[in-house]
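Please open the structure in your viewer and keep a selection panel at hand. The tour below moves from one selection to the next and says what is found at each stop.

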Amino acid sequence: KFLKELGGDYRSRASALAETIARSTEEARAILATSPDPSTVTSADTQTWRVLADRYSSASRSADQAVQTSGELHTLYAEALRRIGNVKDDAAELNKQLDAVEMDTKSLGIAGIKVDSILASVTQARTALMNATEMTGQPASLSLLEEARKCVITSQASYESLVSIRQLVSDGIVTLRSRLEGYDALLQAARQVFDEKIKLAYNPESWKPIKGNGVESQKRANQAAARLEAALAAATMDKQEWKTANDHLVQGSSLMDEAEGLLRSIHELEKNLERAKTELPLVIARVRDALTAIDSDINKYGGDIEDSLWNSLEGVRATLRRVRSSPSERQPRYLTNLKLALEAEEIITRIHEQVVMGHDAAEQRREHAQSALAAAKAEVSRAREYIDDHKSDVNRDAKEHLRGAMSQLAKAKTVTRPNDILAAAQSAS
């Protein structure tokens with residue numbers, strides 16, 4: 001009953017334990033009430049004694065459960081008494097925490113910061129602590145103490161949140177203002193790179209991706225400046241709208257990220273163009289050397305090259321002529337030409353691999369054809385010797401077959417393609 005009067009977690013825990021005790025006790029009583037009277041059972045009735053033993057064992061377990069739960073309930077009761085006895089000390093500790101919050105909050109108030117809501121929560125916590133102290137020794141003191149603890153936590157959190165948001169706003173203003181002050185130099189440097197290094201030296205197609213970046217970047221910088229002004233207005237001592245000010249600063253920072261990114265892309269393009277200008281002649285030289293090597297292979301075993309590779313080779317040569325003539329243009333398309341040259345290099349590498357593989361495969365076919373031809377010659381030679389030695393025994397069909405085989409061997413001497421040689425040899429076999 002005492003624990004239930006405390007309410008909250010004590011009420012629910014005490015109710016659950018009391019229900020367990022009542023249920024276990026009732027189970028034990030019910031088992032005993034429905035069991036046979038031991039005084040009426042004869043010693044020879046072993047079946048009934050076994051039933052009694054089982055029932056008493058079950059009743060004992062229920063009773064043990066009730067006793068154990070009673071112990072838990074007693075422990076909970078002792079804990080509640082201890083806490084009630086410590087209410088005064090706990091309240092004093094919470095008052096110390098409130099003193100610290102109140103002192104720090106009033107310091108902000110002296111500086112002109114609006115702290116009425118925090119001081120109101122401090123006052124509410126003081127009242128709750130006073131009520132809890134006055135009720136020391138009574139069950140209600142615990143709930144009053146918990147209420148006071150929540151008020152203290154709320155006061156601390158409100159103070160820390162105010163300090164944090166003001167620091168965010170202060171730092172954000174300094175950072176955004178610094179970025180805006182340095183923006184003109186970034187813009188001027190990007191314009192100089194575009195006007196003096198990109199626009200004059202490279203084809204308009206090359207700098208099309210960053211066309212208008214300067215204007216778009218300046219728009220975003222102007223928008224960021226407007227966000228800074230809005231943040232400053234929200235953070236004045238008259239308004240003190242710290243969250244609104246911080247939202248403006250976050251938006252301004254994001255806009256400056258975009259503005260600076262647009263300018264960086266101009267510098268990155270200039271670096272890419274310079275790299276392409278330097279790398280293009282090197283790639284052209286590699287492609288030219290690769291074509292020379294393939295031409296040499298073609299002279300050695302051109303018959304082994306598939307017809308489809310000739311068209312690919314002509315395409316590479318056409319690309320090479322195109323990119324080699326580009327430096328003569330007033331504003332070469334270095335990025336485009338480098339892309340074409342790299343693609344041509346990739347193609348020529350694949351062609352060379354196919355030429356080598358084609359030659360190796362042709363060599364294998366030639367070896368196979370020559371082997372088959374040699375075997376066919378041996379067979380024809382043996383057949384001719386046999387017929388010469390047994391003319392009277394060999395019929396006309398065998399002689400005709402020998403003449404046909406010899407004709408195929410003669411044909412094999414006049415063809416050069418491995419497949420044709422192999423076909424003749426197989427016909428002669």
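Begin by selecting Arg126, which at 23% relative accessibility counts as partly exposed, a class that lies between buried (under 20% relative accessible area) and exposed (over 50%), computed with a 1.4 Å probe on protein chains only. Before going further, note that this is a predicted model, in which local features need pLDDT of at least 70 and side-chain atom pairs count only at pLDDT 80 or more, while totals for chains, interfaces and linings use all residues. Residues are numbered from 1 along each chain as its sequence is written, and side-chain values use heavy atoms, with hydrogens and water left out.

With Arg126 still selected, add Asp99: their side chains meet in a salt bridge, with an N to O distance of 2.5 Å, the term being used for a side-chain nitrogen of Lys or Arg within 4 Å of a carboxyl oxygen of Asp or Glu. Arg126 belongs to helix α5 (residues 116-134) and Asp99 to helix α4 (residues 87-110), so the pair ties together parts that are 27 residues apart in sequence. Helices here are DSSP runs of H or I with at least four residues, numbered from the N terminus. Asp99 is itself partly exposed, at a relative accessible area of 39%. Extend the selection to Glu102 and Lys106, and you will have a network of salt bridges that links these two residues with Asp99 and Arg126.

Next, select Arg333 and Glu205, which form a salt bridge whose closest N and O atoms are 3.3 Å apart. Arg333 sits in the loop between α9 (307-325) and α10 (334-389), and Glu205 in the loop between α6 (140-198) and α7 (213-234), so this pair ties together parts that are 128 residues apart in sequence. Arg333 is partly exposed, with a relative accessible area of 29%, and Glu205 is partly exposed, with a value of 41%.

Move on to Asp247 and Lys243, whose side chains meet in a salt bridge at 3.2 Å, N to O. Both residues lie in helix α8, four residues apart, or about one turn of the helix. Asp247 counts as partly exposed at 33% relative accessibility, whereas Lys243 counts as exposed at 58%.

Finally, select Thr278, which is placed in helix α8 (residues 242-301) and is exposed, with a relative accessible area of 54%. Adding Tyr334 shows two residues that are 56 residues apart in sequence and 9.2 Å apart in space, C-alpha to C-alpha. For a wider view, a search of the whole structure finds 14 salt bridges.

Note on methods:
Helix = DSSP H or I, 4+ residues; strand = E, 2+ residues; numbered from the N terminus.
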